[in-house]
Amino acid sequence: ATIPKRLADNIGPEKNFNPRFSGQGSTLAWNPENIANYASISGTVSTGNEIEAIVNPTRSWRISASVSKNEAFQADAAGQELAFVNAWRSNLDTMYNGNLLQGWRNPPTAAGTIWGQYSSETVALIKTSNALSGTALPEIRKWRANLVTRYDFREGFLRGFRIGGAARWQDKVGIGYPYITDQTGSTVADFKHPYWGPRDTAIDMNLGYRRRITAGGRAINWEIGLNVRNLNARDELIPIKANGDGTWGTFRIPPQRTWSLTNSFAF
């Protein structure tokens, strides 16, 4: 009778979830069951700002820069579980003059009363998860910045040539948490001190040449370009997930340096 209505309405053999009492007197026993495919629901609130600027210092020189800040916060983490806990506790307080709160298992356990055991084994973890509401998710890179530049030579012996490049920078990212023992003696993740993955910087370069040629009596715009992506690529594994002791659990191969040669004709 103390079970909150939302769960009580979904108990029975036809629901594939049938916790129940069996026997009577000295043989009375409680037969628990697990909820299949149970999943906790929480929300995420994201905020961010981006500033972008395009500048032409000269007729031949173009610069584009952008900086963005992104943050994501957990919202209502384990909210439904905590609502269940509060509803059940309210029922225990009000039914049978609150005597159920003093109930012990038979045989008794070291955890004390039934509520004491539930509180230490389950409620503590639910409250820990719920306390994350409003905290930032370290899995999101907070800052990103990009810089792109290009210069076209319009005069002299370099006329027709162009040179350019780009830099892409990303902030550190959370990849896991150490584990600590909280005040209840439970082992929980230390969300305030995550393990961080490295910051990332990538450099691109490009060189090109353009001129007008004549073929078959027709004017054709010819352009050839050499592009290098990830010019500063290194042969180092990048961690993307850390174990509780700080060692790498999962990592990825870094992007490789790539070269491409393009050749185009515009009629």
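## A look at the core and two residues

Let's start inside this predicted model. The largest nonpolar core has 10 residues in all: Ala 78, Leu 82, Val 85, Trp 88, Leu 92, Leu 101, Trp 115, Tyr 118, Val 123 and Ile 126. Two helices, H2 (79-94) and H3 (114-130), each bring at least two residues to this core. If you're wondering about the background, nonpolar side chains tend to be buried together in soluble globular proteins.

Take Leu 92, one of the core residues. Leaving out residues up to four places away in sequence, Leu 92 touches Thr 2, Gly 98, Leu 100, Leu 101 and Trp 115. Of those neighbours, Leu 101 and Trp 115 are listed in the core too.

Now for two other residues. Is each one buried, partly exposed or exposed? The table has the values.

| Residue | Where it sits | Relative accessible area |
|---|---|---|
| Gln 117 | helix H3 | 13% |
| Arg 168 | strand S8 (residues 161-170) | 25% |

Gln 117 counts as buried because its 13% is under the 20% cut-off. Setting aside residues up to four places away in sequence, Gln 117 touches Arg 105, Thr 109, Ala 111 and Thr 122.

Arg 168 has 25%, which lies between 20% and 50%, so this residue is partly exposed. With the same sequence neighbours left out, Arg 168 touches Ala 145, Asn 146, Asp 200, Thr 201, Ala 202, Asp 204, Arg 229 and Asn 230. With one of them, Asp 204, there's a side-chain to side-chain polar contact at 2.9 Å. And here's a fun one: Arg 168 and Ser 66 are 102 residues apart in sequence, yet their C-alpha atoms are 9.8 Å apart in space.

Key:
Residues are numbered from 1 along each chain as its sequence is written. This is a predicted model: local features need pLDDT of at least 70, side-chain atom pairs count only at pLDDT 80 or more; totals for chains, interfaces and linings use all residues. Side-chain values use heavy atoms; hydrogens and water are left out. Helices (H or I, at least four residues) and strands (E, at least two) are DSSP runs, numbered from the N terminus. Buried means under 20% relative accessible area, exposed over 50%, partly exposed in between (1.4 Å probe, protein chains only). Contact means heavy atoms within 4.5 Å. A polar contact is a pair of N or O atoms within 3.5 Å; within protein, one must be able to donate a hydrogen and the other to accept it, and residues adjacent in sequence count only if both atoms are side-chain atoms. A nonpolar core is a set of buried Ala, Val, Leu, Ile, Met, Phe, Trp, Tyr and Cys residues joined through side-chain atoms within 4.5 Å.
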